[in-house]
Amino acid sequence: MFSHLSPQFHKGRILKREMLESLRDYPRHLAELHFLAYTDGIISGMDVAVEDGQLVVGRGIIKHQGRIYLLDREERLPYEATGKETMLKIRFDEQTTLTDFLAYETHYVLDTNMDIGTDERELGRFKLKEGAKLRSDYPYFLDLTTEYNTWNFTNVEYAGQQYPTLAPAILRYFSHELLKTKTTNAFDLAFATQGINAERVERDLILHYIGTRLGFGYRASSNPQIVSYLGRILEEAKSGDKPKQEWRASGRQRVIVD
């Protein structure tokens with residue numbers, strides 16, 4: 001049954017092991033239960049920025065093989081221009097036993113091997129030409145996928161309720177740019193509201209929106225394919241093309257034939 005135990009510390013009372021275990025276990029159990037339904041992937045934070053020749057990885061929460069990892073400090077990694085595609089990975093070490101703890105540690109790796117091992121997760125990638133400057137700012141949506149000299153995080157998996165989903169920042173970029181087109185399409189407005197306000201947008205919702213908006217129905221797609229489809233939707237909205245399907249007012253429709 002449900003219970004709520006709060007240890008009481010009183011002067012003169014014996015400090016019992018169960019009281020300390022309660023304090024130790026409660027935060028971990030709370031986090032595990034809260035994110036129980038989430039897939040593996042980034043849960044919160046872990047944003048990467050480029051500053052002064054370094055990749056700056058922000059604080060955050062990530063889930064890997066069902067285990068919750070809290071990253072409570074910012075990390076900085078120097079990078080080099082090699083002209084080759086390079087991926088920033090977080091690598092999860094095997095369990096180690098310390099005197100008082102079971103430890104599950106991680107470390108960051110810059111790797112030109114684009115394969116992702118079972119003990120790794122991608123945080124982003126780039127391909128930097130010699131003498132060029134890496135950037136992490138994007139003046140327009142599809143600039144996210146620029147091949148050279150641009151930090152690309154479109155392949156990063158964020159934890160979802162059933163399937164991993166896209167980084168919330170991608171949907172925010174798209175939604176803000178979509179609203180600037182002054183679209184009046186009901187699907188666009190509803191999706192943009194989700195993209196801006198929601199903590200995350202589930203993958204199924206993204207795929208249903210794309211399939212409805214572009215007229216080919218629900219279709220499983222990779223992260224880069226999804227970004228490409230969203231770019232097509234933006235181009236349609238900017239050019240004023242009519243969407244493939246629109247909501248219509250209920251009621252009888254009249255047809256006039258000359």
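**Figure 1. Ile90 and its neighbours in the predicted model.** Let us start with Ile90, whose contacts beyond four places in sequence are Met46, Ile62, Leu71, Thr106, His107, Tyr108, Asp119, Glu120, Arg121 and Leu123. This view, like the others here, comes from a predicted model. Ile90 belongs to strand β7, which covers residues 85-92. Its relative accessibility is 0%, so Ile90 counts as buried. One of its contacts is His107, and although 17 residues separate Ile90 from His107 along the chain, their C-alpha atoms are 5.8 Å apart.

**Figure 2. Met46, a contact of Ile90 with a positive phi.** Met46 is among the residues that Ile90 touches, and here Met46 takes centre stage. You will find Met46 in the loop between β1 (41-45) and β2 (48-51). Its phi is near 65°, a positive value in a residue that is not glycine. Is Met46 buried or exposed? Met46 has a relative accessibility of 2%, and the cut-off for buried is under 20%, so Met46 counts as buried.

**Figure 3. Gln65, another loop residue with a positive phi.** Gln65 sits in the loop between β4 (60-64) and β5. Phi of Gln65 is near 50°, which is positive although the residue is not glycine. With a relative accessibility of 54%, Gln65 counts as exposed, because the cut-off for exposed is over 50%. If you have just come from Met46, recall that Met46 counts as buried at 2%.

**Figure 4. The largest pocket and its lining.** This close-up shows the largest pocket, with a volume of about 940 Å³. How many residues line the largest pocket? The lining holds 23 residues, and those nearest the centre of the pocket are Ile68, Tyr69, Leu70, Leu102 and Tyr104. Helix α1 (17-34) and the strands β5 (67-71), β9 (102-103) and β10 (106-111) each contribute at least two residues to this lining. Sorted by character, the lining residues are twelve nonpolar, three polar and eight charged.

**Figure 5. Arg67 over the ring of Tyr104.** Tyr104 is one of the residues nearest the centre of the largest pocket, and this view turns to its ring. Arg67 lies over the face of Tyr104, 3.8 Å from the centre of the ring.

**Figure 6. Thr112 and its contacts.** Thr112 is part of the loop between β10 and β11 (120-127). Leaving aside residues up to four places away in sequence, Thr112 touches Lys84, Glu85 and Thr86. For a sense of distance, look also for Lys127: Thr112 and Lys127 are 15 residues apart along the chain, and 9.7 Å separates their C-alpha atoms.

**Figure 7. The stacked pair of Phe191 and Tyr209.** The model contains eleven aromatic pairs. In one of these, Phe191 and Tyr209 are stacked, with 4.1 Å from centre to centre and 5° between the planes. Phe191 lies in helix α3 (residues 186-197) and Tyr209 in helix α4 (residues 203-214), so the pair ties together parts that are 18 residues apart in sequence. Phe191 counts as buried at 3% relative accessibility, and Tyr209 counts as buried at 6%. Phe191 and Tyr209 also belong to one aromatic cluster with Phe141 and Phe174.

**Figure 8. The tilted pair of Phe216 and Tyr229.** What sets the arrangement of this second pair? The ring centres of Phe216 and Tyr229 are 5.2 Å apart and their planes meet at 55°, so the pair is tilted. Phe216 is in the loop between α4 and α5 (223-239), while Tyr229 is in helix α5; the pair links distant parts of the chain, 13 residues apart. At 24% relative accessibility Phe216 counts as partly exposed, whereas Tyr229, at 13%, counts as buried. Phe216 has a charged neighbour too: Arg219 lies over the face of its ring, 3.9 Å from the ring centre.

**Figure 9. The protein as a whole, for orientation.** Stepping back from the close-ups, the secondary structure comes to five helices and eleven strands. The protein has 258 residues, and buried residues make up 38% of them. Among contacts with a separation of 6 or more, 54% are between residues 24 or more positions apart.

Notes. Residues numbered from 1 in each chain as written. Predicted model: local features only at pLDDT ≥ 70, side-chain atom pairs only at ≥ 80, totals over all residues. Heavy atoms only, no water. 1 Å grid on protein atoms, 1.4 Å probe; cavity = no way out; pocket = protein on both sides within 12 Å on 5 of 7 lines; lining within 4 Å. Points joined across faces, edges and corners; volume = space filled by probe spheres on them. Helix = DSSP H or I, 4+ residues; strand = E, 2+ residues; numbered from the N terminus. Nonpolar A, V, L, I, M, F, W, Y, C, P; charged D, E, K, R; others polar. Phe/Tyr/Trp six-rings, centres within 6.5 Å; stacked < 30°, edge-to-face > 60°. Buried < 20%, exposed > 50% of the residue type's maximum accessible area, 1.4 Å probe, protein only. Lys NZ or Arg CZ within 6 Å of the ring centre and 35° of its normal. Contact = heavy atoms within 4.5 Å.
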